[in-house]
Amino acid sequence: MAMLSPSSGISRTLNTTRKVVYGKPHIAAIMEELKDRENPRVLLLASKTLGERSSLVRDLETALGAYHCLTYSDINPHTSDNDVARLAHALNQSGANTVITLGGGSIIDAAKTVKIFHKYKLTKGSDLKRFHSSDGAVFTSLDDDFTCSLFVINIPTTLSAGEFSSISGTKDTESGKKIGYVHPGLASDVTILDPIATVYTPDWLFLSTGVRAIDHCIETVYSTQDRTGISYSTVPYC
């Protein structure tokens with residue numbers, strides 16, 4: 001396998017996330033993606049902390065210009081169904097057809113689960129119960145023909161690697177249990193890896209999410225459940 005320089009602006013195609021871009025600033029990479037899309041209208045889904053403690057959110061809003069419809073930051077840790085219901089309402093009100101995330105795993109999970117709300121026109125967090133497994137399993141697969149018109153770009157600020165996954169973890173408010181919704185259509189269209197986006201992430205969080213990424217990899221490789229879509233060529237890198 002060829003060694004790739006992180007400074008070379010490489011794009012890689014994967015089984016779930018359509019494209020991974022690295023080696024260029026995230027704003028330049030975003031604008032390159034949007035210029036080829038017809039009438040993109042962007043909801044920027046950002047970490048509240050980033051908006052308060054850095055200029056990253058403001059800089060991206062400025063660069064998006066007329067593409068920008070709304071910035072939304074009301075997502076709590078562990079991403080509850082009610083969090084996503086509120087996001088879905090804001091998305092519908094804004095008229096956005098594109099979601100750009102700037103944050104960690106909770107933000108990324110919200111962008112995945114909002115696809116389910118958008119597709120099926122769900123309005124309440126409890127509406128997700130229609131997709132829960134009857135046997136109480138913590139993972140539930142969506143219909144094979146699930147598709148969603150939302151275009152999603154992730155700029156992760158942690159290492160947990162949810163941006164590469166087609167599983168969305170969302171907390172059921174009533175039970176407190178985290179449910180994994182599974183379908184290749186939940187994966188992002190583009191993930192942009194830019195170290196500049198991580199510089200405001202606290203060291204303890206950044207490092208702990210790196211360990212969590214190893215955890216996710218091992219869980220997936222040794223899972224007894226269906227692992228359709230996994231590329232085992234990636235296993236040596238776990």
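Is V138 buried, partly exposed or exposed? In this predicted model, V138 is partly exposed, because its relative accessible area is 39%, a value that falls between the 20% and 50% cut-offs. Along the chain, V138 belongs to the loop that links α5 (105-120) with β6 (139-141). On the surface, V138 joins F139 and I167 in a nonpolar patch of about 220 Å².

With that residue placed, the view can widen to the whole chain. The protein chain contains six helices and ten strands. Of its 238 residues, 42% are buried. The surface that the chain exposes comes to about 12400 Å², and 54% of this area is supplied by carbon and sulfur atoms. Contacts between residues at least 6 apart in sequence also give a picture of the fold: 74% of them join residues at least 24 apart.

A word on confidence helps in reading the picture. The chain has a mean pLDDT of 86, with 86% of its residues reaching 70 or more. Two stretches call for some care. Over residues 1-8, pLDDT stays under 50, and the model has nine contacts beyond four places in sequence for this stretch. Over residues 11-15, pLDDT again stays under 50, with 14 contacts beyond four places in sequence.

Next comes a residue in a helix. T209 sits in helix α6, which covers residues 203-221. T209 counts as buried because its relative accessibility is 10%, and the cut-off for buried is under 20%. What does T209 touch, leaving aside residues up to four places away in sequence? Its partners there are T158, L159 and S160. Within the helix, a polar atom of the T209 side chain lies 2.8 Å from the backbone oxygen of F206.

The last stop is a loop residue, S175. This serine is found between β8 (167-171) and β9 (178-182). I167, already met in the nonpolar patch with V138 and F139, is where β8 begins. The side chain of S175 takes part in a polar contact of 2.8 Å with the side chain of D172. A polar atom of the S175 side chain also lies 3.1 Å from the backbone nitrogen of K177. The side chain of S175 can thus be followed to two places: the side chain of D172 and the backbone of K177.

Terms used. Residues are numbered from 1 along each chain as its sequence is written. This is a predicted model: local features need pLDDT of at least 70, side-chain atom pairs count only at pLDDT 80 or more; totals for chains, interfaces and linings use all residues. Side-chain values use heavy atoms; hydrogens and water are left out. Helices (H or I, at least four residues) and strands (E, at least two) are DSSP runs, numbered from the N terminus. A polar contact is a pair of N or O atoms within 3.5 Å; within protein, one must be able to donate a hydrogen and the other to accept it, and residues adjacent in sequence count only if both atoms are side-chain atoms. Buried means under 20% relative accessible area, exposed over 50%, partly exposed in between (1.4 Å probe, protein chains only). Contact means heavy atoms within 4.5 Å. Accessible areas come from the Shrake-Rupley method with a 1.4 Å probe; for residues, only the protein chains shown count as cover. pLDDT is the predictor's confidence in each residue, from 0 to 100. Patches are made of residues with over 30% relative accessible area and no salt bridge: like charges are joined within 9 Å, nonpolar side chains (Val, Leu, Ile, Met, Phe, Trp, Tyr) within 5 Å. A salt bridge is a side-chain nitrogen of Lys or Arg within 4 Å of a carboxyl oxygen of Asp or Glu.
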